[in-house]
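Hi,

Here is the structure I said I would pass on. Have a look at it first, and my notes follow underneath.

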Amino acid sequence: MEEDELRKRIEELEALLELMNAKYEEMKRDNEILRRALEELRKENELLRGKENGGGAEEKTP
C-alpha cells in the first residue's frame with residue numbers, strides 16, 4: 001500500500017473508533033437510565049406486595 005492509502009485507512013479507522021466510543025457512551029447512559037427505572041419498579045412492586053399482604057412494605061437493607 002502506498003503511504004497515502006495507509007493514511008486514508010488510518011483516518012477511516014480513527015473515525016470508526018470515535019463513532020464506536022460515542023456509541024459506547026450512549027449505551028452506558030441508556031443502561032444507567034434503565035437500571036434506575038428497574039430499581040423504581042422493584043420498589044413499587046415491593047410496596048404493592050406489602051399492600052396485598054395487608055401490611056406496609058418493609059425496607060430491606062443491602
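The secondary structure comes to one helix and zero strands. Before you go further, bear in mind that this is a predicted model. The helix, H1, covers residues 3-52. H1 has 50 residues and reaches 72 Å from its first C-alpha to its last, close to the 74 Å expected at 1.5 Å a residue. Just after H1 comes glycine 54, which takes a positive phi of about 85 degrees.

How much of the protein counts as buried? Of its 62 residues, the share is 2%. The accessible surface comes to about 6400 Å², and carbon and sulfur atoms account for 53% of that.

On to the charged side chains. As a general point, side chains of opposite charge can pair when their charged atoms come close. Here the count comes to eight salt bridges, and I'll go through three that involve arginines.

Which residues does arginine 7 pair with? One partner is glutamate 3, with the closest N and O atoms 2.5 Å apart. Another is aspartate 4, where the N to O distance is 3.8 Å; that still makes a salt bridge because the cut-off is 4 Å. The spacing along the chain is worth a look too. Arginine 7 and glutamate 3 are four residues apart in helix H1, so about one helical turn separates them. Arginine 7 and aspartate 4 are three residues apart in H1, and again the separation is about one helical turn. An α-helix has 3.6 residues a turn, so residues three or four places apart point the same way.

As for accessibility, arginine 7 has a relative accessible area of 46%, so it is partly exposed. Glutamate 3 counts as exposed because its relative accessibility is 51%, and aspartate 4 is also exposed, at 55%. The cut-off for exposed is over 50%.

The third arginine pair is arginine 9 with glutamate 12, whose closest N and O atoms are 3.4 Å apart. Both lie in helix H1, three residues apart, which is about one turn of the helix. Arginine 9 is partly exposed, with a relative accessible area of 42%, and glutamate 12 is partly exposed as well, at 39%. Going back to the earlier group, salt bridges that share partners join Glu3, Asp4 and Arg7 into one network.

There is a nonpolar side to the surface as well. Which residues form the nonpolar patch? They are Leu13, Leu16, Leu19 and Met20, and together they have about 400 Å² of accessible area. Leucine 19 lies in helix H1, and at 57% relative accessibility leucine 19 counts as exposed.

If you only open a couple of spots in the viewer, I'd go for the network of Glu3, Asp4 and Arg7, then the patch with Leu19 in it.

Cheers

Methods
Residues numbered from 1 in each chain as written. Predicted model: local features only at pLDDT ≥ 70, side-chain atom pairs only at ≥ 80, totals over all residues. Heavy atoms only, no water. Patch = residues over 30% accessible without salt bridge, like charges linked within 9 Å, V, L, I, M, F, W, Y side chains within 5 Å. Areas by Shrake-Rupley, 256 points an atom, 1.4 Å probe, with all protein chains shown as cover. Salt bridge = Lys/Arg side-chain N within 4 Å of Asp/Glu carboxyl O. Helix = DSSP H or I, 4+ residues; strand = E, 2+ residues; numbered from the N terminus. Buried < 20%, exposed > 50% of the residue type's maximum accessible area, 1.4 Å probe, protein only. Expected span 1.5 Å × (residues − 1).
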